[in-house]
Number of protein chains: 2
Amino acid sequence: MSASRPPVARAKNGPDKRRMILDAAVRVFANQGFHACRVSDIADEAGVAYGLVYHYFASKDEILDTLFLERWAVLLATIRHVDAEETEPRAKLHAIASFIVDSYSHDPDLMKVIIVEVTRAANSFGQTHLAQIREAYDLIAAIVTAAQAEGAFKADIDAEFAALAFYGAIEQMLTGWIFGLLPRGEEHYERAKWLVVETVCGGLETTTAGNTLPR
Amino acid sequence: MSASRPPVARAKNGPDKRRMILDAAVRVFANQGFHACRVSDIADEAGVAYGLVYHYFASKDEILDTLFLERWAVLLATIRHVDAEETEPRAKLHAIASFIVDSYSHDPDLMKVIIVEVTRAANSFGQTHLAQIREAYDLIAAIVTAAQAEGAFKADIDAEFAALAFYGAIEQMLTGWIFGLLPRGEEHYERAKWLVVETVCGGLETTTAGNTLPR
DNA sequence: ACGAGTTGACTGACTAGTCAATCGACTGTT
DNA sequence: AACAGTCGATTGACTAGTCAGTCAACTCGT
């Protein structure tokens, strides 16, 4: 406090107020919901003055936008990475499911906010970020299409639909945890990953065989 | 109109203002969202005075509660009915999927409101009506459990999870239509019903066989 | 003339966003 | 070493506007 002053300067000093505001916002949004909370709640939670929130963000909306885009970029990057690294379709889907479930396990509040306030908000942020959300569906659909091309997945189920069902199943699980309808804990998270992949692939893979008749 | 007066009286006369308000609310909630709209928007849409809304409903919330409970009761009754009528597990699930998809097909706005504003609103109405929502999951889970008992479905996949995945898949499809990510129209609706059941059952039915190994 | 149904101006409470003032770390000057 | 100046970070009182819900009055059928 009295010894070193130069080495710190602006970079260290305060634990980055902007970050503190974002982290506080996650907690507040998760507990009260974006619409129900006040900007002052965020400022209080962050231990910062009301006005400082507007020094770093143009509006309440921008805070949520930032949180979503920050995290979603990581998701998209992960899906691309997984698609390039893994070879087995099932392994790819399992890796994606793992990433999402692990994200929830690591920071439940953040995932709750992203899903409840953005991904499923058809009248507000969901529309704003529709392109980003769709990007994820498309990347997954591409994986399914490739799997169909190499004969690993049935060809008579639309890839877009499969992607929607797969991602939707994962999101529904998170929703189950968010609503407290599903037991939480690492063991359950691991099992959940397997269950989603098993359920979706069991209905997609030709390996299943002998059950391709539509009607 | 001039002949019989007693049979009509208050019941006929105006097309039931209360109903008009509810119907208008569906449109307004669907277009603007529950939080974004004003009560005056509902009154205007219904062609009714602002104050009359409060003559029939205690609050803005109560309007949405009414819409949800009204429709959800029908859903629960249908699931119970289907469970009693049908015998094949797959037929039961198909009947449930049909009812929900047909509900959307018949009144997209109402289903959008119920899903977006209630079923997926973890911080507001979703909590309020959690018991009702859970009831649906439980009824579906019971169907799965029965199917497992008679050997039609794999026993190693938790019934609660299967129910969540099944219902979640349906809801995700509706979301796809709501967001405009999926093509609409009767033909697509019919195919969607088949796809959901095929995907979920393909992963649940023992008929699939030869693919039961967990890891 | 009674009252259920209906009206819409109004109130009370709330909050997103603004802004002028203050703080404090650092610089250059003497 | 003392000091004035600079500028981004920080503060919180305040403004401007919004909107859910109230209520006194009016309409009209019987």
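Biologist: Of the 18 residues around DNA strand D, which come nearest?

Modeller: Keep in mind that this is a predicted model, where local features need pLDDT of at least 70 and side-chain atom pairs count only at pLDDT 80 or more, while totals for chains, interfaces and linings use all residues. Residues are numbered from 1 along each chain as its sequence is written, and chains are lettered from A and ligands numbered from 1 in the order in which they are written. "Near" a molecule or strand is set by the C-beta atom, placed from the backbone, lying within 6 Å of it. Of the 18 residues around strand D, the ones that come nearest are A49(A), G51(A), G51(B), Y54(B) and S59(B).

Biologist: Which element gives the most to the surface near DNA strand D?

Modeller: Elements here are DSSP runs numbered from the N terminus: helices are H or I, at least four residues, and strands are E, at least two. Two or more residues come from α3 (50–56) of chain A, and also from α3 (39–46) and α4 (50–56) of chain B. With four residues, the one that gives the most is α3(A).

Biologist: How many charged residues does the surface near DNA strand D have?

Modeller: Ala, Val, Leu, Ile, Met, Phe, Trp, Tyr, Cys and Pro count as nonpolar, Asp, Glu, Lys and Arg as charged, and the others, Gly among them, as polar. That surface has eight nonpolar residues and six polar ones, and the number of charged residues is four.

Biologist: Which element gives the most to the side of chain B that touches chain A?

Modeller: Calling two residues in contact if their C-beta atoms, placed from the backbone, lie within 7 Å, 37 residues of chain B are in contact with 37 residues of chain A. On the chain B side, α7 (108–119), α9 (130–149), α10 (159–178) and α11 (186–204) each give two or more. By class, that side divides into 18 nonpolar, 15 polar and four charged residues. The element that gives the most, with nine residues, is α10(B).

Biologist: What kind of axis relates the two copies?

Modeller: Superposing by least squares on C-alpha atoms of residues with pLDDT of at least 70 in both, a turn of 180° and a shift of 0.0 Å along the axis lay chain B on chain A with an RMSD of 0.0 Å. The copies also meet through the same surface, because 100% of the interface residues of chain B are interface residues in chain A too. They are thus related as by a two-fold rotation axis.

Biologist: Within what arc do the buried residues of α3(B) fall?

Modeller: A residue is buried if 20 or more other C-beta atoms, placed from the backbone, lie within 10 Å of its own, exposed if 12 or fewer, and partly exposed in between. In α3(B) the buried ones are I42(B), A43(B) and A46(B). Going by the directions from the helix axis to the C-beta atoms, they line one face of the helix, because they fall within an arc of 95°.

Biologist: Which residues touch the most other members of the largest nonpolar core?

Modeller: Such a core is a set of buried Ala, Val, Leu, Ile, Met, Phe, Trp, Tyr and Cys residues joined through C-beta atoms within 7 Å. Leaving aside neighbours within four places in sequence, F166(B) is in contact with L93(B), I140(B) and V200(B). Of the 124 residues in the largest core, those touching the most other members are A25(A), F166(A), A25(B) and F166(B).

Biologist: Is T175(A) buried or exposed?

Modeller: T175(A) lies in helix α9 (residues 159–178) of chain A. Because 23 other C-beta atoms lie within 10 Å, T175(A) is buried.
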